[in-house]
Amino acid sequence: MCAIRRLPEVVACRIAAGEVVERPASVVKELIENALDAGARRIAVTLAQGGIGRIGVEDDGCGMEPEDLPLALARHATSKLADDDLLRIATLGFRGEALAAIAAAARIALTSRPRGAPCAYRIEAWGGRLGEVEPVAAPEGTRVEVRDLFLHLPARRKFLKAPRTEAQAAVLAVKRFLPTWPEVAFRLEVEGAVRLDLKSATDPCDPARLVPLFGEEAVAAMVPVEEEREGLRLVGRIGLPTLNRPHARDQQLYVNRRPVQDRLLKGALKAAYGDLLPRDRHPLALLMLELPLEEVDVNVHPQKSEVRFRDGQRVRGFLIAALRRALPSRARVSVQRLEPTAFADACAPSGSDWREAQGPAAAAPPAGLFEAASGFAGADPDPHPEQPPPGPLGRARALLFETYILAEAEEGMVLVDQHAAHERIVYERLKAELAAGGVARQALLLPVVVELEAERVETLLAARQELLSLGLSVDGFGEGAVVVREVPLLLAGAGVAWREVLEALAEELAAHGRARSLEARLYAVLSTLACHGSVRAGRRLSLAEMDALLRLLERTPGAGQCNHGRPTYVTLKKRDLERMFGRR
Ligand code: ADP
Ligand code: MG
């Protein structure tokens, strides 16, 4: 080892710059933040060669005095921490290192004219060397040009992706500012083509601001969130559970107008959707959280993309409550022309009020295989001449493709996926039983022996108590096997393939067992049970059975989607049918 020495300024700058400037998108983000901090009402961004060749950001903000231009490019120089107070940061910038970092990584030129000043001044910097400040003609405000990113740092340049990919990331960096800064007009030009040209707006959730971020179809299937309590305020849009993704990239999160990647916000979102979504799917969301400046530390990450809350628990509780309230208890489904309907509003959530839903079935012993599982026991297989008035999901008319129930409702037609719907009903019912003290069990006439790998047997037996509360009694049965003697009453006669269920459960428990809370584990098991215990596509239901299923569905919380997040039903309004056929 050699003696310790201070690094030359140029090297120190490059090291620091590496944290701030990763790719064109990070430059774009920093420059827009500066423009916003300068009070801009119009911001224009241009990108060439994906921003690697050239990035230009022009604003009509307060501008800089000529003597401030060299200072703006110096490290740790900022005009934003007036009283050196890191506890109440009201601006997007405060670290005073973005421009210095960019200057260390690329060629940069600042042109600025303060409001009311007779002319503009310009400075250039390249490879850590500053040029002269010179007067030029330019409008009020500031223009920053960045060229040849990482040209003299080949090691970093290698990490850049193709210009198209870099452009995409940079475009997203611009779009992320749209909802939080509605009062600012944004223009974006990529490789000479105008990609955005937005006037200022008043509402952060103005569709013009959201569509570029999420796409038109997704925006139509999002519901508003708005909540304010004790200094905390949440505004935004969240996707209906049926609108979900295998990744969390469509979650745009902000804290005090700052785009963030935040575990607490993501966690609250996940918790609020709970079992409306399977664990590996993610909802779409735009969440803009505002809270007093002193309750959040923004000085956590060089790119300012992470924050720390002073009272995380309080924030989490607030978010979950707000999000749950925003989520419709019966998510409305919107698939292209199939529009959200008033059905959802028409049926209030009914919790565990099964008795009414089942009618005579509640008292009667499970009659047939299928009936026991579904609670259809009271349904007469033949259609009644005088039927009771149908609920909002209408009266069943036919079964299509042995999978979809076609129903006629007052407002239009409804298509119900019988398996998905039934699964949701069984699941919610099991959940209600569990909440009321445990799932009712029934002994199997013939116990089922399931052979499994020793490890799986162990997993199942370790969860014996849990499974019992879910209505499953599982015991060891010699080496490499378990025996199932009791099963949930609800599924007892349903012709469930218990062998498959046990295998799926062992898999499920082995995969996530320890990592999850008891509640989450129980629900996961219930979900597996419900899926196996539900009527499969392909089974022919009578019209009366279908009607019974529809009535149950109307009373089931979260009935708009099955446990896998697929819709249980879609609707087509009568009005739209008439339009399609030119009757209107
Ligand atoms: P920070 O934003 O953390 O202060 P920067 O390196 O990004 O650090 O900017 C340094 C300073 O340059 C800012 O504090 C501000 O005074 C000035 N500045 C940068 N961009 C602009 C702009 N677009 N308009 C007016 N002033 C700017
Ligand atoms: Mg800045």
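**Glu-230, an exposed loop residue with a positive phi**. In this predicted model, Glu-230 has a relative accessibility of 60%, so Glu-230 counts as exposed. The cut-offs are under 20% relative accessible area for buried, over 50% for exposed, and partly exposed for whatever falls in between, with a 1.4 Å probe and protein chains only. Glu-230 sits in the loop between strand E10 (222-229) and strand E11 (232-239). Helices (H or I, at least four residues) and strands (E, at least two) are simply DSSP runs, numbered from the N terminus. Check the backbone here: phi is near 40 degrees, a positive value in a residue that isn't glycine. Most residues other than glycine have a negative phi.

**Asn-256, another loop residue with a positive phi**. Phi of Asn-256 is about 45 degrees, and Asn-256 is not a glycine either. The loop shown here runs between strand E13 (251-255) and strand E14 (258-260). Asn-256 has 22% relative accessibility, so Asn-256 counts as partly exposed.

**A nonpolar surface patch that includes Val-11**. Leu-7, Val-10, Val-11 and Ile-15 make up this patch of about 330 Å². To qualify, a patch residue needs over 30% relative accessible area and no salt bridge; nonpolar side chains (Val, Leu, Ile, Met, Phe, Trp, Tyr) are joined within 5 Å, while like charges are joined within 9 Å. Areas come from the Shrake-Rupley method with a 1.4 Å probe, and for residues only the protein chains shown count as cover. Val-11 lies in helix H1 (residues 9-20) and is partly exposed, at 34% relative accessible area. For a handy distance to add to this view, take Val-11 to Ala-104: the two are 93 residues apart in sequence, yet 9.0 Å apart in space, C-alpha to C-alpha.

**Helices H2 and H4 packed against each other**. Helix H2 (residues 24-37) and helix H4 (residues 98-105) pack at an angle of about 145 degrees, with 10 Å between their axes. The axes are lines fitted to C-alpha atoms, for helices over the stretch in contact, and angles run from 0 to 180 degrees between N-to-C directions. The H2 and H4 crossing is left-handed, a label used when the near helix is turned anticlockwise from the far one by less than a right angle (clockwise would be right-handed). Where do the two helices touch? On the H2 side, Val-27, Glu-30, Leu-31 and Asn-34 do the touching, and they meet Ala-98, Leu-99 and Ile-102 in H4. Contact means heavy atoms within 4.5 Å.

**Lys-80 and Asp-37 in a salt bridge**. The two side chains meet at 2.9 Å, N to O. Lys-80 is in the loop between helix H3 (69-72) and H4, and Asp-37 is in helix H2, so this pair links parts that are 43 residues apart in sequence. Lys-80 is partly exposed at 24% relative accessible area, and Asp-37 is partly exposed too, at 23%. A salt bridge here means a side-chain nitrogen of Lys or Arg within 4 Å of a carboxyl oxygen of Asp or Glu. By this rule the count comes to 33 salt bridges.

**Glu-145 and its arginine partners Arg-54 and Arg-122**. Arg-54 and Glu-145 form a salt bridge at 3.4 Å, N to O. Arg-54 lies in strand E2 (residues 54-59) and Glu-145 in strand E7 (residues 141-147), so the pair ties together parts 91 residues apart in sequence. Is Glu-145 buried or exposed? Glu-145 is buried, with a relative accessible area of 11%, whereas Arg-54 is partly exposed at 23%. Glu-145 also meets Arg-122, at 3.6 Å, N to O. Arg-122 belongs to strand E4 (residues 120-126), so this bridge ties Arg-122 to a part 23 residues away in sequence. Arg-122 counts as partly exposed, at 23% relative accessibility. Through shared partners, salt bridges join Arg-54, Arg-122, Glu-124, Arg-143, Glu-145 and Arg-147 into one network.

**The whole chain, as a backdrop to the close-ups**. The chain has 20 helices and 25 strands, and 50% of its 584 residues count as buried. About 27,900 Å² is exposed, with carbon and sulfur atoms supplying 52% of that. Among contacts between residues at least 6 apart in sequence, 69% join residues at least 24 apart.

**Notes on numbering and cut-offs.** Residues are numbered from 1 along each chain as its sequence is written, while chains are lettered from A and ligands numbered from 1 in the order in which they are written. As this is a predicted model, local features need pLDDT of at least 70 and side-chain atom pairs count only at pLDDT 80 or more, while totals for chains, interfaces and linings use all residues; side-chain values use heavy atoms, leaving out hydrogens and water.
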